[in-house]
Amino acid sequence: MNGSCLEFKNPIQDAISRVRFAPQSNNLLISSWDPCLRLYDVDCSQLRLEAPSEAALLDCCFQEESVAFSAASDGSITRYDLHSGISNKIGNHDDIATCVEYSTETRQVITAGFDKKIIAWDIFGAKPLVYLRNLDAEVESMSLSGYELIIAVGSSVDIYDLRNSDKCVQSNKFCMDVPIRCVSSIPYLKGYAVGSVDGRVKLEISYPSSSNNIGISGAFVTGDNVGYVTAWDAKSRRRLFELPDCANSIASLTYNNEGQILAVASSHTYQEATEMLVVLRFLLPPPSRVYMI
């Protein structure tokens, strides 16, 4: 299994917060604490965009191939035209904005932060729609699959339906009250995976009552705070393979749309050394680095 490191004319000077592949291409979006949003064309090994920000960027996502969003430490949510490089703020959280996702179903930007709010921004209208104002804790991680919004709040996973978001449709407590570091939805099944700060990973799958399935197929990948990336069989929970360890923590992982390329962001982080970062993708010290596997 071969890998290569992305080369930047101006190296990323601070921790990487997120990497995401575009919906249909091998363009890679990179947010970081330096603070800057970058768009890298993996096929051509070329940096397409470098957009500086006024605050550290904690998350990013695509709306489509030419439009992206970021969430920043000053609470701002920003929209980027990736062709022109023009950016504009669409709103602000009252505290650090930690998560951003785009819903193609509702055509809204969904964000969360340390102000204990989840907000849906109507980028085609004038006012934001606030889903929840008083959560029990700060939102550490969020994942979106169709109309299902999954958020990690403390040691619990809360699920909301974007079509009727007045109340939580399901809430699951993680074992032993251990804080959750990351949550990721499973795109081809109704379920999710969570990773805790002590390194444990849990899969939660919901089958219809008529289903005869007793397990799930496919694989998922985890990255930890000491530089290891491991692929696991989702059904047997057995390790498939482990990549050569990186020099720094694994800050973020993402597969391209075909599931053939894995981008691994190796970076120093602001987490404690005992914590584990887990970013799951299911398959059919500075400078920070991004590896293509």
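**Exercise 1. Is Asp198 buried, partly exposed or exposed, and with what relative accessible area?**

Solution. Start with the ground rules. This is a predicted model, where local features need pLDDT of at least 70, side-chain atom pairs count only at pLDDT 80 or more, and totals for chains, interfaces and linings use all residues. Residues are numbered from 1 along each chain as its sequence is written, and side-chain values use heavy atoms, with hydrogens and water left out.

Step 1. Take the cut-offs: buried is under 20% relative accessible area, exposed is over 50%, and partly exposed lies in between (1.4 Å probe, protein chains only).
Step 2. Asp198 has a relative accessible area of 41%. Asp198 is therefore partly exposed.
Step 3. Turn to its partner. Arg200 and Asp198 join their side chains in a salt bridge, 2.8 Å from N to O. A salt bridge here is a side-chain nitrogen of Lys or Arg within 4 Å of a carboxyl oxygen of Asp or Glu.
Step 4. Arg200 has 29% relative accessibility, so Arg200 is partly exposed too.

**Exercise 2. Describe the salt bridge of Glu140 and the place of each partner in the chain.**

Solution.
Step 1. The side chain of Glu140 meets that of Arg181 at 2.9 Å, N to O.
Step 2. Glu140 sits in strand β14 (residues 139-145) and Arg181 in strand β18 (residues 180-185). The two are 41 residues apart, and the pair links distant parts of the chain. Strands are DSSP runs (E, at least two residues), numbered from the N terminus.
Step 3. Check exposure. Glu140 is partly exposed at 30%. Arg181 is buried at 13%.

**Exercise 3. Do the same for Arg48, then give the salt-bridge count.**

Solution.
Step 1. Arg48 forms a salt bridge with Asp41, 2.9 Å from N to O.
Step 2. Arg48 is partly exposed at 44%, whereas Asp41 is buried at 9%.
Step 3. The count comes to 12 salt bridges.

**Exercise 4. Work out the sheet that holds β22.**

Solution.
Step 1. The open sheet has 3 strands, in the order β21-β22-β23, with antiparallel pairing. Two strands pair if DSSP finds at least two bridges between them.
Step 2. β21 (219-223) and β23 (239-242) are the edges. Each has a single partner strand, so one side of each lacks a neighbour in the sheet.
Step 3. β22 (residues 229-233) pairs with β23 over 3 bridges, in the antiparallel sense.
Step 4. Find a facing pair: Trp232 stands opposite Arg239 in β23.

Note on methods
Helices (H or I, at least four residues) and strands (E, at least two) are DSSP runs, numbered from the N terminus.
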